[in-house]
Amino acid sequence: MIFDVVVVGAGAAGLMAAITAAGCGARTLLLERTGDGGRKILISGGGRCNVLPSRFQPELFVTDSSPNLMRRILRSWPLEQQKAFFRESLAMELALEEETGKLFPASNRARDVRDGLVRAVESRGGVLRFGQTVQGLQPLNGVGWEITTREGKSFRGRRIILATGGLSVAPTGSDGMGLRMAREMGHVIHPTYPALTPLLQEPPEMAHLAGVSLRVRLRAPGHGKRGVVQGGFLFTHRGFSGPTVLDLSHLAVRSSMLGVQGRRQALEVSWQGKGEEEWEAMLEPGVGRVLPLLKAHLPNRLAETLMEWTKVDAQRSLGQLTRDERRRLTTALAAFPLPWTGDEGYKKAEVTGGGVSLAEVDPGTLESRRHPGLHLCGEMLDAFGPIGGHNFLWAWTTGRAAGHAAAQAAI
């Protein structure tokens, strides 16, 4: 049997591509190397799955390709229509988490999202084949493609959609296979790197703070407004994590990739998001000791650590602080230099930075400009957003665009 559309990869983008193609009436086959698919969906949001952001913010996305192309792709499926898809097509209500602006399934179960997408493929007549590792993709003289798998199977399709993910969290099925195939087929691949990944401190001198979390403002000097984020921060046994660290980690990772000594990206933390003037006002000469004042605004262990780091006596009163001690404390409180030395890499990265250049695909159909009949979508394309559902938005948007275009061309 020759399928109209064959989708390779049953992650978020691949499932959406298969749903869309099958919904258009195309005979659709979905191939997946794992035994059940959607594994990154299952682990996202701590098992809750942050399906979408509550606001559409294309300016927060990162790409080495044309930002205009990226925005054009992102706008092809408006956020409100995506919300409606989950509500109407999957019978899944989304609940807003007010504090973070994230949208989760009302059940708070990532498995419900994955299973709902799989059922949607099947209900539209799509065929799923799990446990099939694609290892070959061959054009058939302009009449389609032949796909071979490591398991000895062969499939044919008029149109192919590669949705194999990037390199992040390999156990979920993202092993870079699609990127390798795209490169071998002549596509331009921007250098890949782990993004949204925790940072390390070696040796882990702040490991005694592991588990301490609080709100901060994190700044990467030299990057303007795009280098400033606010939100949660978490000390780990090996370094630093939390939404703010993950969102700026790509700047740290890429500075390390340059390999130029002394050029490592600086990151400055403003604890509780308070500015220098606020902390200066609190540290004005007055009654009381410094440490209890800091503990009233910061977790106890962090307050004690900052006193040690600034070499200010823990018994110091506000009135006894010298000008230099007050300056050191203000810097530590409003612009603490985060002592990161490395990152957790792809093992803990939520997404892959870089990938297939957006100039290599038609922005409306995501069809390859080098190989007619081949469409690319999802994480293997050169774009990613911050945490908070933005990367699922990219997956749903690009999967739908590829699925619709492939089906329309094949039937």
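The exercises below work through helix packing, sheets, an aromatic pair and backbone details in a predicted model.

**Exercise 1. Helix H1 against helix H5**

Task: Describe how H1 and H5 pack, and classify the residues of the contact.

Solution.
- Step 1. Locate the helices. H1 covers residues 12-23 and H5 covers residues 110-123.
- Step 2. Read the geometry. The axes lie 8 Å apart, at an angle of about 30°.
- Step 3. Classify the angle. Angles under 35 degrees count as roughly parallel, so H1 is roughly parallel to H5.
- Step 4. Assign the hand. H1 passes H5 in a left-handed crossing.
- Step 5. List the contact. H1 supplies Leu15, Met16, Ala18 and Ile19. H5 supplies Leu117, Val118, Ala120 and Val121.
- Step 6. Sort by class. The contact of H1 with H5 has 8 nonpolar residues, no polar and no charged.

**Exercise 2. Helix H12 and its contacts with H1 and H3**

Task: Describe the packing of H12 with H1 and with H3.

Solution.
- Step 1. Start with H1. The axes of H1 and H12 come within 7 Å and cross at roughly 35°.
- Step 2. Assign the hand. H1 passes H12 in a right-handed crossing.
- Step 3. List the H1 side. Ala12, Ala13, Met16, Ala17, Thr20 and Ala21 make the contact.
- Step 4. List the H12 side. These residues of H1 meet Phe392, Ala395, Trp396, Thr398, Gly399, Arg400, Gly403, His404 and Ala407.
- Step 5. Sort by class. The contact of H1 with H12 divides into 9 nonpolar, 5 polar and 1 charged residues.
- Step 6. Turn to H3, residues 67-74. H3 packs on H12 at about 75°, with the axes 9 Å apart.
- Step 7. Classify that angle. The range from 65 to 115 degrees counts as roughly perpendicular. H3 and H12 are therefore roughly perpendicular to each other.
- Step 8. List the contact. Met70, Ile73 and Leu74 of H3 meet Leu393, Trp394, Thr397 and Thr398 of H12.
- Step 9. Sort by class. The contact of H3 with H12 has 5 nonpolar and 2 polar residues, and no charged ones.

**Exercise 3. The sheet of 7 strands**

Task: Give the strand order, explain the edges and place the helices that pack on the sheet.

Solution.
- Step 1. Write the order. The open sheet runs E16-E15-E12-E13-E14-E11-E17, with antiparallel pairing.
- Step 2. Find the edges. E16 (336-337) and E17 (342-343) each have a single partner strand, so one side of each lacks a neighbour in the sheet.
- Step 3. Place helix H7, residues 243-258. H7 packs on the sheet and touches E11, E12, E13, E14 and E17. The direction of H7 makes about 105° with that of E13.
- Step 4. Place helix H11, residues 323-334. H11 packs on the sheet and touches E15 and E16. The direction of H11 makes about 95° with that of E15.
- Step 5. Follow one pairing. E12 (residues 213-219) and E13 (residues 228-235) run antiparallel and are joined by 7 bridges.
- Step 6. Check the register. Ser213 stands opposite Leu234, and Leu214 has Phe233 as bridge partner.
- Step 7. Move on to E14, residues 239-241. E13 and E14 pair over 2 bridges, with Phe235 bridged to Phe240.
- Step 8. Close the connection. A hairpin of 3 residues joins E13 to E14.

**Exercise 4. The sheet of 3 strands**

Task: Find the order and the edges of the sheet that holds E5.

Solution.
- Step 1. Write the order. The open sheet is E3-E5-E4, paired antiparallel.
- Step 2. Find the edges. E3 (52-53) and E4 (94-97) each have a single partner strand, so one side of each is left without a neighbour in the sheet.
- Step 3. Check the register. E3 and E5 pair over 2 bridges, and Leu52 stands opposite Leu103.

**Exercise 5. An aromatic pair**

Task: Classify the ring pair of Phe86 and Trp396, then place both residues.

Solution.
- Step 1. Take the total. The structure holds 13 aromatic pairs, one of them formed by Phe86 and Trp396.
- Step 2. Read the geometry. The centres of Phe86 and Trp396 are 5.3 Å apart, with 65° between the planes.
- Step 3. Classify. Planes over 60 degrees apart count as edge-to-face, and the pair of Phe86 and Trp396 is edge-to-face.
- Step 4. Place the residues. Phe86 is in H4 and Trp396 in H12, 310 residues apart, so the pair links distant parts of the chain.

**Exercise 6. Backbone details in loops**

Task: Describe the backbone at Pro203 and Asn108.

Solution.
- Step 1. Take Pro203. The peptide bond from Glu202 to Pro203 is cis, with omega near 0°. Pro203 lies in the loop between E11 and E12.
- Step 2. Take Asn108. Asn108 is not a glycine, yet has a positive phi of about 65°. Asn108 is found in the loop between E5 and H5.

Technical notes: Residues are numbered from 1 along each chain as its sequence is written. This is a predicted model: local features need pLDDT of at least 70, side-chain atom pairs count only at pLDDT 80 or more; totals for chains, interfaces and linings use all residues. Side-chain values use heavy atoms; hydrogens and water are left out. Two strands pair if DSSP finds at least two bridges between them. Helices (H or I, at least four residues) and strands (E, at least two) are DSSP runs, numbered from the N terminus. Axes are lines fitted to C-alpha atoms, for helices over the stretch in contact, and angles run from 0 to 180 degrees between N-to-C directions. Angles under 35 degrees count as roughly parallel, over 145 as roughly antiparallel, 65 to 115 as roughly perpendicular and the rest as oblique. A crossing is left-handed if the near helix is turned anticlockwise from the far one by less than a right angle, and right-handed if clockwise. Contact means heavy atoms within 4.5 Å. Ala, Val, Leu, Ile, Met, Phe, Trp, Tyr, Cys and Pro count as nonpolar, Asp, Glu, Lys and Arg as charged, and the others, Gly among them, as polar. Rings of Phe, Tyr and Trp (its six-membered ring) pair if their centres lie within 6.5 Å; planes under 30 degrees apart count as stacked, over 60 as edge-to-face and the rest as tilted.
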